[in-house]
Structures are given as structure tokens and as C-alpha cells.
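Biologist: Got a minute to walk me through this one? I'd like to go over the DNA side, the sheet and the chain contact.

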2 protein chains.
Amino acid sequence: MAQAPTKARAAQQYDVANRLFFRLYQASNLMHKQGTRYVDAFGATTQQWAVIGALARPAVLDAGVTVKSLIEFLGVSRQNLAILLNRLDERQWIERIKDKADGRSRRIRLTAVGKSVWAAMQAPIEAFYGAALADLSIDEQVMLYRLLDRLKTGLAKA
Amino acid sequence: MAQAPTKARAAQQYDVANRLFFRLYQASNLMHKQGTRYVDAFGATTQQWAVIGALARPAVLDAGVTVKSLIEFLGVSRQNLAILLNRLDERQWIERIKDKADGRSRRIRLTAVGKSVWAAMQAPIEAFYGAALADLSIDEQVMLYRLLDRLKTGLAKA
DNA sequence: TGCGTTATGTCAACTGATTGACACAAAGCA
DNA sequence: TGCTTTGTGTCAATCAGTTGACATAACGCA
């Protein structure tokens with residue numbers, strides 16, 4: 001009789017975890033699908049949007065970032081990022097500059113074109129954020145962000 | 001002077017939304033990457049795991065499900081699901097049965113092999129859930145699940 | 001000087017995801 | 001009966017993601 005509640009609890013935990021990751025899977029797919037629609041006019045995707053957004057951060061806007069740090073920031077593989085960067089490079093949205101301090105490094109930086117595209121993207125991006133998060137209060141959004149952040153940490157250690 | 005706080009609030013909201021979707025992007029990538037490691041011994045991926053899990057639900061285990069309902073349940077495109085199903089079909093994990101009631105429909109069902117694979121996968125799946133969610137309490141997991149569910153709803157309307 | 005390490009780039013192979021388009025059989029209705 | 005709609009399958013093109021492997025240039029140190 002002592003086993004029953006333990007088993008039941010384990011089954012409940014499994015169920016919660018299962019739902020959680022399934023919703024994560026669905027929400028992520030939807031984010032890419034719907035988000036891409038909002039920036040489709042620029043010929044961009046959500047992933048490219050993430051890269052440009054990373055390069056548009058004030059701290060790195062002028063100096064650019066190394067490929068290595070960009071990989072760590074985005075959490076994707078070097079080979080995957082390279083393809084993304086090549087596509088953005090072809091469109092002249094970014095440029096690869098040799099690092100003066102370290103000849104092995106390339107500093108990835110937004111070009112003037114890239115900056116203007118990013119500026120033009122702000123309106124549709126804000127529209128997307130507003131539409132997708134319309135049913136969540138700011139507090140709930142913050143809570144979700146923090147929980148996702150901790151989930152990310154847990155996943156990294158798994 | 002009345003504009004300033006409004007602008008500041010808008011910037012804050014943008015920032016929260018930005019972080020939220022960026023974490024969703026990272027967490028989802030990590031889930032696939034790490035999760036696939038746990039079921040790699042079976043030659044499976046997280047997506048295939050999702051499909052098999054959907055077919056293993058008690059309500060559909062015996063009768064199977066139509067492709068149409070599976071598409072709606074998983075939230076992926078027909079063409080994508082077809083490729084997934086073909087791969088699972090080749091491995092004899094699932095079977096496509098003609099629906100008696102509707103000749104156009106195919107009922108997708110786990111085979112005996114598929115059921116045994118799913119049973120064998122339970123241990124690594126539980127290990128993955130436990131490791132990835134170690135830092136979150138049950139209450140937090142439930143909260144995260146509910147918030148993701150509402151985010152999914154919002155994204156679907158975006 | 002020479003050797004190991006690091007940063008980057010690229011090729012290959014595979015899986016997952018999308019949209020668009022075409023095909024076909026069966027259902028449903030006029 | 002005939003026409004439209006529905007459910008499924010497939011081909012094509014494109015983008016994103018992974019791992020593994022190899023190449024190259026530059027840094028760092030003995």
C-alpha cells in the first residue's frame with residue numbers, strides 16, 4: 001500500500017514533463033512558422049532575425065562579435081551558423097572583418113544595409129510580439145521567460 | 001513629458017518579448033539536441049518520439065488515428081508528417097490501415113514492434129525528463145506547461 | 001624554431017520543417 | 001450520374017539543425 005501513491009506521483013510527474021516538452025515543441029514550431037510570415041517581405045526567417053538581432057545589440061553593434069561568441073550566444077553549431085552567415089553575407093547584410101588583435105578571429109558586424117533592414121523590421125516584429133502575446137500579461141510574460149531560461153539551463157546539463 | 005513613460009514601457013515590453021522568444025528558440029533547439037541523445041540507441045529522434053508517443057495514447061492505441069487528426073495533434077504539415085511516417089513505416093514501427101468507415105482515410109497505428117520499442121524507450125525518456133527538469137519544482141513545471149499552452153494559442157492566432 | 005592549440009571555413013550526410021503543386025481515390029451532394 | 005470536396009501521397013525547392021571529418025591560418029608556448 002505504500003507503493004501506490006509513489007507510483008501515482010511518478011506517473012503524474014511523467015505526464016507533466018511530457019505535456020511540457022510537447023507544448024515546447026509545438027510552440028517553437030509555431031513561432032518559426034508565424035514569425036517568418038511577419039518578416040517574409042524582407043526575405044528573412046526567424047533564425048536570420050535572431051542573428052541580426054544579436055548583432056544589433058548596442059554592445060556589439062560597432063565592434064561586431066567573433067563567430068565563437070555568436071555560436072555561444074545563439075546556441076547553434078558552427079556549421080549551421082556558417083551557412084546562415086554566408087546567406088546574410090551574400091545579401092550584404094553582414095560583413096566579416098579580420099580581428100586586429102587576433103588574426104584567427106573574424107568579427108561579424110552588421111553593414112549599413114543590415115542596419116537599415118533591421119530598422120525596417122522593427123514594425124513587423126513588434127506587431128508579431130503584440131499579436132502572439134496578446135493573451136499574456138507582462139507579469140506572465142516575465143514568468144514564462146524566467147521559467148524558459150531555467151529550463152534551458154536544465155536542458156544544457158541533461 | 002507624458003510620452004516618456006509610455007515609450008519606456010513599450011521598450012520594456014519589447015525587451016521581455018524578445019527575451020521570451022529567444023529563450024524559446026534556444027530551449028527548443030536544446031530539447032531536440034539533448035533529447036535525441038537519450039533515444040539515439042533506438043535510432044530515433046525527438047520528433048519520431050513525439051509521433052510514437054501520440055500513437056501510444058490509450059485512446060488511440062488499438063484503433064489508430066487518421067493522418068488528418070495526427071497532423072492537427074502534432075501541428076506539423078502533411079508533407080513533413082508523411083516523411084516521418086514513411087521512415088517509421090520502413091522500420092515496421094507503424095502501419096497504415098485502410099479505414100473501414102471512410103475509404104479515403106488511413107489509420108496510423110503502432111505495430112507490435114512499435115509498441116515494444118516505445119516500452120523500451122520509457123526508461124531513457126524518464127531519465128531525460130528527470131535530468132532536464134531537475135531544477136524545476138512540480139508546481140513550476142505545471143506553470144510552465146500552462147504558460148506554454150497559452151503561448152501556443154496566442155501564436156496560432158498571430 | 002617548432003609544435004600543439006584555437007578560430008574559422010567547408011564538405012558530406014542525415015533529419016526536420018515549410019510552402020506550392022500535382023495526382024488520385026473515395027465521399028458527398030445536386 | 002456527374003461534379004465538387006476531402007483525405008492522402010508524393011515531388012520539388014528551400015531553409016534550419018545536427019554530427020563527423022578535414023583543411024588552413026594564426027596564436028602561444030617551450
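Modeller: Sure. One bit of bookkeeping before we start: Asp, Glu, Lys and Arg count as charged, Ala, Val, Leu, Ile, Met, Phe, Trp, Tyr, Cys and Pro as nonpolar, and the others, Gly among them, as polar. Also, keep in mind that this is a predicted model.

Biologist: How do the residues of the surface near DNA strand D divide into nonpolar, polar and charged?

Modeller: There are 25 residues around strand D, and Thr45(A), Ser77(A), Asn80(A), Gly103(A) and Lys68(B) come nearest. Chain A gives two or more residues from each of helix 2 (46-55) and helix 5 (78-90), while chain B does so from helix 1 (3-38), helix 3 (67-74) and helix 4 (78-90). Sorted by class, that surface has 4 nonpolar, 12 polar and 9 charged residues.

Biologist: On to the sheet in chain B: which residue is the bridge partner of Ile94(B)?

Modeller: The sheet is open, with 3 antiparallel strands in the order 1-3-2. Strand 1 (65-66) and strand 2 (94-98) are its edges, each pairing on one side only. Strand 2 is joined to strand 3 (residues 106-110) by 5 bridges. In strand 3, Ile94(B) has as its partner Leu110(B).

Biologist: And where chain A touches chain B, how many residues of chain A's side are nonpolar?

Modeller: Each chain puts residues into the contact, 49 from chain A and 49 from chain B. On chain A's side, the elements giving two or more are helix 1 (3-38), helix 6 (112-132) and helix 7 (138-157). That side has 9 polar and 9 charged residues, and the nonpolar ones number 31.

Conventions:
Residues are numbered from 1 along each chain as its sequence is written. Chains are lettered from A and ligands numbered from 1 in the order in which they are written. This is a predicted model: local features need pLDDT of at least 70, side-chain atom pairs count only at pLDDT 80 or more; totals for chains, interfaces and linings use all residues. A residue is near a molecule or strand if its C-beta atom, placed from the backbone, lies within 6 Å of it. Helices (H or I, at least four residues) and strands (E, at least two) are DSSP runs, numbered from the N terminus. Two strands pair if DSSP finds at least two bridges between them. Two residues are in contact if their C-beta atoms, placed from the backbone, lie within 7 Å.
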